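The following exercises concern the architecture of a single protein chain. Each task is followed by a solution that proceeds step by step.

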Amino acid sequence: MSEEEQKKVQQTLASGWVAPAGPSIDEFEENLARRYESREVVTLNSGTSALHLALIMSGVERGDHVLVSSFTFAACANVVCYQGAIPIFIDSEGDTWNLDSKILSDYLADCDQLPKAIIVTHLFGMPAKMDEIVKVAKAYNVIVIEDAAEALGAKINEKDIGQIGDFGILSFNGNKIITTSGGGSLICTIEEKSRAIHLATQANSGKNEYDHHEVGYNYRMSNVLAGLGIAQLNRLESFVDKKRQIFDRYKGELNDYFDFLEEPTDFFSNRWLTTCTLKEERREIMALIQFLDKQNIETRRVWKPLHLHQAYRDFSFHGNGVCEEIFNKGICLPSGTGLINDQQEYVIKSIKTWFQS
Ligand SMILES: Cc1ncc(COP(=O)(O)O)c(C=O)c1O
């Protein structure tokens, strides 16, 4: 957080607009929407609420099927369950770690019940192959929801991701590339924007009274946090540069020990987290994580595929083990934009010590 963020929050507080409505929300939404050619943005209190609204607006109801990348964060499956619908997990491809369009295509060709929607995550900031995924989905009339929670600033052919599918979502949670401490956004068409705001503000249809015709949600972002978002968004490009520098340095120094994902042609990753997989079969990722912990270096495993969690054990998985293999060998290295050179040097040295011991 710089002085710019503090000033903007103070200005927003001084304006008296401390509700989930106000000029900072409008400004934040306009600034975000400039990144998308013909889409609008609705700011919400989390990326999870954005995913939930996207499903509701896609018409997903009890008993419907929704395809979900297995290799992602739990929110993607949880929102399907909120609707009483059934998540069906799809494996990743090796070169982006994102939803495999070939497995998707085989599934759609064979399934007894077509899904209403697909949630595709752009994992760790690497774009999924949207052209292929959208082409397959459209052939079966399936709605595509892009989960760009981790991928603000990532692009395909110089276009921000999140606008290629029918809906996109962003997260501004504390660990994301820009943050409002907690928050998110739905990327949708102009026609869908007012419906999304209606649903996100308890679906009140009254003007000077409360009049509800359907169930609504309390999902709107606070105007105070939108102020923080405006200032953070101004710094997005510098954050992406820093994340990419961190990635390049790890890759340059640790290439002998790990495989790092390359960007496919015309893809631009925001490198939100530097992730990589062990080259050597005999090495154990948990042993490295525990060793680094002892050096006071916090690392994490990559996301555990959703189909391996107890919460989703009743739902099916379609694939051939790619995301499980990445999970077994993968690690997220310290990648905060506050990481200074000496700290990164220490991380690199410690990792080399472990491999050479
Ligand atoms: C891939 C992915 N999807 C969805 C979410 C949910 O966003 P939020 O935490 O803002 O609800 C997150 C992260 O938190 C995420 O990493």
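**Exercise 1: The domain interface**

Domain 1 and domain 2 of this predicted model bury about 3600 Å² between them, with 68% of that area on carbon and sulfur atoms.

Task. State where the two domains lie in the chain, and determine how many residues of each are in contact.

Solution.
1. The domain assignment places domain 1 at residues 3-233 and domain 2 at residues 236-356.
2. The C-alpha centres of the two domains are separated by 25 Å.
3. On the side of domain 1, 46 residues take part in the contact, and they meet 38 residues of domain 2.

**Exercise 2: Polar and ionic links between the domains**

Task. Determine how many salt bridges cross the interface of domain 1 and domain 2, and describe the side of domain 1 that touches domain 2.

Solution.
1. The rule finds 1 salt bridge across this interface.
2. The side chains of arginine 35 and glutamate 237 form a salt bridge with an N to O distance of 3.1 Å, which satisfies the 4 Å cut-off.
3. Between the two domains, 22 residue pairs are in polar contact, counting pairs with both residues at pLDDT 80 or more.
4. Elements that each supply at least two residues to the side of domain 1 touching domain 2 include strand 2 (65-69), helix 4 (75-82), helix 5 (101-110) and helix 8 (223-234).
5. Strand 3 contributes the most to that side, namely 5 residues.
6. By residue class, the side of domain 1 that touches domain 2 holds 26 nonpolar, 12 polar and 8 charged residues.

**Exercise 3: Two open sheets**

Task. Give the strand order of the sheet of 8 strands and of the sheet of 3 strands, and identify the edge strands of the latter.

Solution.
1. The sheet of 8 strands is open, has mixed pairing and follows the order 1-9-8-5-4-2-3-13.
2. Strand 1 (40-44) and strand 13 (317-318) each have a single partner strand, so one side of each remains without a neighbour in the sheet.
3. Within this sheet order, strand 2 and strand 3 are parallel and share 5 bridges; valine 68 stands opposite phenylalanine 89 in strand 3.
4. The sheet of 3 strands is also open, with the order 10-12-14 and antiparallel pairing.
5. Its edge strands are strand 10 (258-259) and strand 14 (330-333), each of which pairs on one side only.
6. Strand 12 (residues 274-278) is joined to strand 14 by 4 bridges in the antiparallel sense, and cysteine 276 stands opposite isoleucine 331 in strand 14.

**Exercise 4: A salt bridge between two helices**

Task. Explain why the salt bridge of lysine 193 and glutamate 29 ties together parts that are apart in sequence.

Solution.
1. The rule yields a count of 24 salt bridges.
2. In one salt bridge, the side chains of lysine 193 and glutamate 29 meet at 2.9 Å, N to O.
3. Lysine 193 belongs to helix 7 (residues 190-200) and glutamate 29 to helix 2 (residues 23-33); the pair therefore ties together parts 164 residues apart in sequence.

Note on methods
Residues are numbered from 1 along each chain as its sequence is written. This is a predicted model: local features need pLDDT of at least 70, side-chain atom pairs count only at pLDDT 80 or more; totals for chains, interfaces and linings use all residues. Side-chain values use heavy atoms; hydrogens and water are left out. Domain bounds come from an automatic or database domain assignment. Contact means heavy atoms within 4.5 Å. Buried area is the accessible area (1.4 Å probe) that two parts lose on being put together, summed over both. A polar contact is a pair of N or O atoms within 3.5 Å; within protein, one must be able to donate a hydrogen and the other to accept it, and residues adjacent in sequence count only if both atoms are side-chain atoms. Ala, Val, Leu, Ile, Met, Phe, Trp, Tyr, Cys and Pro count as nonpolar, Asp, Glu, Lys and Arg as charged, and the others, Gly among them, as polar. Two strands pair if DSSP finds at least two bridges between them.
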